[in-house]
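Let's work through a few short exercises on the structure shown here. Try each task yourself before reading its solution.

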Amino acid sequence: MINKHQQMSGGVEFLFVRRRKRRLYIALTILGIIGVAFWAAWGTGFNIPKLISGSPKIYNFLSRMFPPAAYFFPKVLKPTIETLQMALLGTTIPIFFALPLALLAAANTGPNRLVTFFIRILLNLLRTVPELVWALLLVNVVGLGAFPGVLALTLHTIGGLGKLYAEAIEAANPGIIEAMEAVGAKRYKVILFGIVPSCLPLMISTTLLYWEYNNRTATILGLVGAGGIGLALTHAIEDFRYHDAVTCLVIIVLILSIIDRVSAKLRARVI
Amino acid sequence: MAPLISVNKVTKAYGRDNPAIQDISLAIEKGEFVVLFGPSGVGKSTLLRCLNYLVKPTLGDIIIEGKNLGSLSKSKLLRVRCGIGMIFQEFNLVNRLSVLTNVLCGKLGHTGFFRALTYRFSREDYETAVKALRRSGLDDESLYLRRPDTLSGGQKQRVAIARMLLQEPKIILADEPIASLDLKIQHTIMELIANIATNDEITVVMSLHNIEIAKQYASRIVGLYKGRIEFDGPPGALSHDIINKVFGLTEKVTND
């Protein structure tokens, strides 16, 4: 009897070993995260006393900002529309480049691995260079204004949409592709009838998401001279016209939240 | 006369694993109803897909009507595929296209560039598609513009059969066509395929794991075991010993 009991307790012992191990891993992970946070705080000069001692200045600053300047509203109307146009163009032009690039970059539609590999590198390059950096470079090439802003958005969005489109294509049901190939359809027909209808909802949804995101980005691009409401905001701050600056901020927040909602509604409809 | 389908010493290996099928040779005559029989993972699907070169054999030749598929250009291979209908366990319909357009996909081997690009088929194609749907047992016209994912399993397989009919195939390859269906509908679909095959003099190669159904419809059974042919003959010659061996019943018990 005793023997049997010992055997049984020995039988579940490994479960406790596992549990102890897991708890150790969890504790180590938490410690690790805290450690990294402290390292980053040290590196960035994160300083809570400084924040507290500076807080009276916040009141001072706010009082110089509020109320927003009403007269400035009509004056920023044009730059606001320009920002919206930048985002629209910066999302629609990329579609026509991203789709063919995605077909080349996706493993299931690309012609061969070499092409797929290089197109992916190209897409990554376009996407990893921040829009602000593209804008800075392009302002030097085509001059100030909304045009370099649109180009910056376009380049970045081609990279982003291209990658997401390619992922949507790769997620297409391989059975459908197989069925299309089995009827003797050429590759482009397999794409048109098998892949495009299956991926379209996801692609539309990602495009809307990018449109939403590009509106946000388009407002900041003005900071480097690439037009729109961001430029108006930058000028207002540079000239210490804080009431005007707040007007810009109010408009930005308002417009972006409207666009977020519109985009979310539309996305809910396509999926 | 040469057989309709010749499989000559075909081996297919995926990567460095053991080959899925090994050194398979088969000669299939016109009008035969061949069932590839065995448990899942035994290479039935691979062999079936080698027959229309959806899967390219590692070694050996597939010869259909005198054409060695391995030596054909891409466009000639597509021509051959046009004459080989295929249906699947999971139906493989495009859920975002209507039932009718799914059926019309059977014509894709012949549609011109511009028609394909604009998703427009000819009036005759539409008429053939509707005829094919009726023949597959879908008379209810209100179904034709619905999405396939709103249909039952049996209806989906009927749509897939209609798509295949549009190819006017000489050969039907069927990969476990009833494995995802309710028991009730399994015989109906088998009956449908068998009738079409007899009427249109189509040769059928079908993978199945249900021996009772295989025996009932096949004119010839090819039992696969570990990627090789273990049995090849009429259903009547299939003994219990062979069935047990093909399914590895005795081994399975000891292995697990």
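**Exercise 1.** At roughly what angle do the axes of helix α3 (residues 72–105) of chain A and helix α9 (residues 229–238) of chain A cross?

*Solution.* Before we start, this is a predicted model, where local features need pLDDT of at least 70, side-chain atom pairs count only at pLDDT 80 or more, and totals for chains, interfaces and linings use all residues. Residues are numbered from 1 along each chain as its sequence is written, while chains are lettered from A and ligands numbered from 1 in the order in which they are written.

Step 1: the two axes cross at roughly 135° and come within 7 Å. Step 2: α3(A) is therefore oblique to α9(A) (not under 35 degrees, over 145, or 65 to 115). Step 3: α3(A) brings Val76(A), Pro79(A), Thr80(A) and Thr83(A) to the contact, and α9(A) brings Ile229(A), Leu231(A) and Ala232(A) (contact: C-beta atoms, placed from the backbone, within 7 Å). Step 4: sorted by type, these are five nonpolar, two polar and no charged residues.

**Exercise 2.** How many helices and strands are there in chain A?

*Solution.* Count 10 helices and zero strands (DSSP runs: H or I, at least four residues, for helices; E, at least two, for strands). As for extent, the C-alpha trace of chain A spans about 90 × 65 × 35 Å along its principal axes.

**Exercise 3.** Which helix of chain A has the lowest mean pLDDT, and which the highest?

*Solution.* Helix α2 (residues 48–65) of chain A is lowest at 81, and helix α4 (residues 113–128) of chain A is highest at 94 (pLDDT is the predictor's confidence in each residue, from 0 to 100). Chain A averages 88.

Definitions and conventions
Axes are lines fitted to C-alpha atoms, for helices over the stretch in contact, and angles run from 0 to 180 degrees between N-to-C directions. Two residues are in contact if their C-beta atoms, placed from the backbone, lie within 7 Å. Ala, Val, Leu, Ile, Met, Phe, Trp, Tyr, Cys and Pro count as nonpolar, Asp, Glu, Lys and Arg as charged, and the others, Gly among them, as polar.
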